[in-house]
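The following exercises are meant to be worked with the sequence and the coordinates side by side. Try each task before reading its solution.

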Amino acid sequence: MSLHDDVEEILLDSETVANRVAELAAQLSADYAGRDPVLVSVLKGALVFLADLMRAMDLPTSIDLMEVSSYGAATESSGQVRILKDLSKPIEGRDVIIVEDIIDTGLTLNYLLRYLWERNPASIRICCLLDKPARRLAEIPIDYTGFTIPDRFVIGYGLDYDERYRNLPYIGVLKPSVYGVAPPEG
Amino acid sequence: MIGVAAGFRIGPESSAVTVLGRSQKQDCQSGSGRLWMTTRLIHDLRTGSRPVDNSPRYTRVDDAQRGSDDYDRGQVADQLTSGSPPRFAHESEAELARILDYYGVAWRYEPDVFPISWNADGAVIESFAPDFFLPEIDLYIELTTLKQSLVRKKNRKLRHLRQLYPEIRVKLFYARDFRALMLKYGRTGFLADLVAANGNGTVKAPAAVTDEVAGATTVP
């Protein structure tokens, strides 16, 4: 049984993703020329994107990682989002680029933006690989977008379902049978 | 946070969230309904020129002036003004409230009723009360997990609402959107329970996934 067997459709193949990541990196390198931005990513989904993006950027960048609790995994605990891993260095006065894998409801990022602005950075911009606007609740100003995608359950290139499929080299749509849901009505 | 209307909040604890049962809902419907002031009030609320608190912001409308199904959740306005937690009409609404609380997003439950049609005498005969208003985001949310036939009716109402009040932002969450949200948060057990309670067999409990596993899918 291969991981690929659970993929209903390849939405973005690895070459398409790589090309777009290179474009984003070039754009960031131009926009931040002469500066030293810090790339901040949220574990774990953005790891693959971050790794490819930073290697394609021609800038003296640094990186930092955060981990934020997710609603479903913590409904029995505090009942509020928690920072599971904070930044390792101050960002005061720094230009921050938040590198995200996907933005859909925008709720986590909305929380994260408020949190990071309290650290007094010089600027914060958002670079996301995938934008899924259909389910947006909190309007987030996205400065750099890789792809705008339809409202489908995507996996691969860092994105998971139940911690699996992150290592797929492309972005695919998970078969509904994997998570036990029949096709939606209408 | 976050129930800003009456200074209350709900947490993730199920005891803090009351879901209105069918019989309770019917009882409440027979009680006095309140129709909130419309455009002016909504403008005031959205621009912040009026405090978002418990001050009286509604006009009473005789039951006879209301259509049979135009305002089916008048009991909630009573809940807000009395300062007690809202009684959600559906468990999905309570779940969305918990999610919003979790991420620190302020919300109000059915704070406004928008008249959308009137009879020849000028009396309101049909209204629309979106389930949630997120004051910080300036967004109304209507959540529907209803049958398709009823969704069509809600779509029609929403169209009228948008035509009459183009300045407000309303997002309709369909059943499929809510399902996707639950899957994203690994709440498959909750989803299965909800479907079972609704008698709608579109979700089966997956063998490999449980609520406890709660696989975080993607960062929202």
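**Exercise 1.** In this predicted model, find which residue of β3(A) stands opposite Leu43(A), and then work out how the two strands concerned are paired and connected.

*Solution.* Begin at Leu43(A), whose partner across the strands is Glu67(A) in β3(A). Next, place both residues in their strands: β2(A) covers residues 38-43 and β3(A) covers residues 62-68, and the two run parallel, with 6 bridges between them. Finally, follow the chain from one strand to the other, where helix α2(A), residues 47-56, completes a β-α-β unit with β2(A) and β3(A) that is right-handed.

**Exercise 2.** Determine which residue of β5(A) stands opposite Leu39(A), and describe the pairing of β2(A) with β5(A).

*Solution.* Starting from Leu39(A), the residue to find in β5(A) is Ile97(A). The strand β5(A) spans residues 95-103, and its pairing with β2(A) is parallel, over 4 bridges. Taking the two exercises together, β2(A) pairs in the parallel sense with β3(A) and also with β5(A).

**Exercise 3.** Place these strands in chain A as a whole, and explain why its radius of gyration agrees with that of a compact globule.

*Solution.* Count the elements, which gives 4 helices and 9 strands in chain A, and then read their order along the sequence as β-α-β-α-β-β-β-α-β-β-β-β-α. For the overall dimensions, the C-alpha trace of chain A extends about 50 × 40 × 30 Å along its principal axes. Because a compact globule of 186 residues would have a radius of gyration near 16 Å, the 17 Å of chain A agrees with that expectation. Turning to the interior, 39% of the 186 residues of chain A count as buried. As for contacts, among those in chain A that join residues at least 6 apart in sequence, 66% link residues at least 24 apart.

**Exercise 4.** Decide which stretches of chain B have a pLDDT under 50, and how the elements of chain B rank at the two extremes of mean pLDDT.

*Solution.* Take the average first: chain B has a mean pLDDT of 61, and 47% of its residues score at least 70. Among its elements, strand β3(B), residues 58-60, has the lowest mean, 28, whereas strand β8(B), residues 132-134, has the highest, 93. Then look along the sequence, where pLDDT remains under 50 over residues 1-83 of chain B, although the model has 127 contacts beyond four places in sequence for them. Residues 200-220 of chain B are likewise below 50, with 63 contacts in the model beyond near neighbours in sequence. Predicted coordinates should not be read in detail where pLDDT is low. For the complex, the predictor gives an ipTM of 0.84 and a pTM of 0.71.

Notes. Residues numbered from 1 in each chain as written. Chains lettered and ligands numbered in written order. Predicted model: local features only at pLDDT ≥ 70, side-chain atom pairs only at ≥ 80, totals over all residues. Rg over C-alpha atoms; globule rule 2.2 N^0.38 Å. Buried ≥ 20, exposed ≤ 12 C-beta atoms within 10 Å, placed from the backbone. Contact = placed C-beta atoms within 7 Å. pLDDT = per-residue confidence, 0-100. Pairing = 2+ DSSP bridges. Right-handed = clockwise from strand over helix to strand, strands pointing away.
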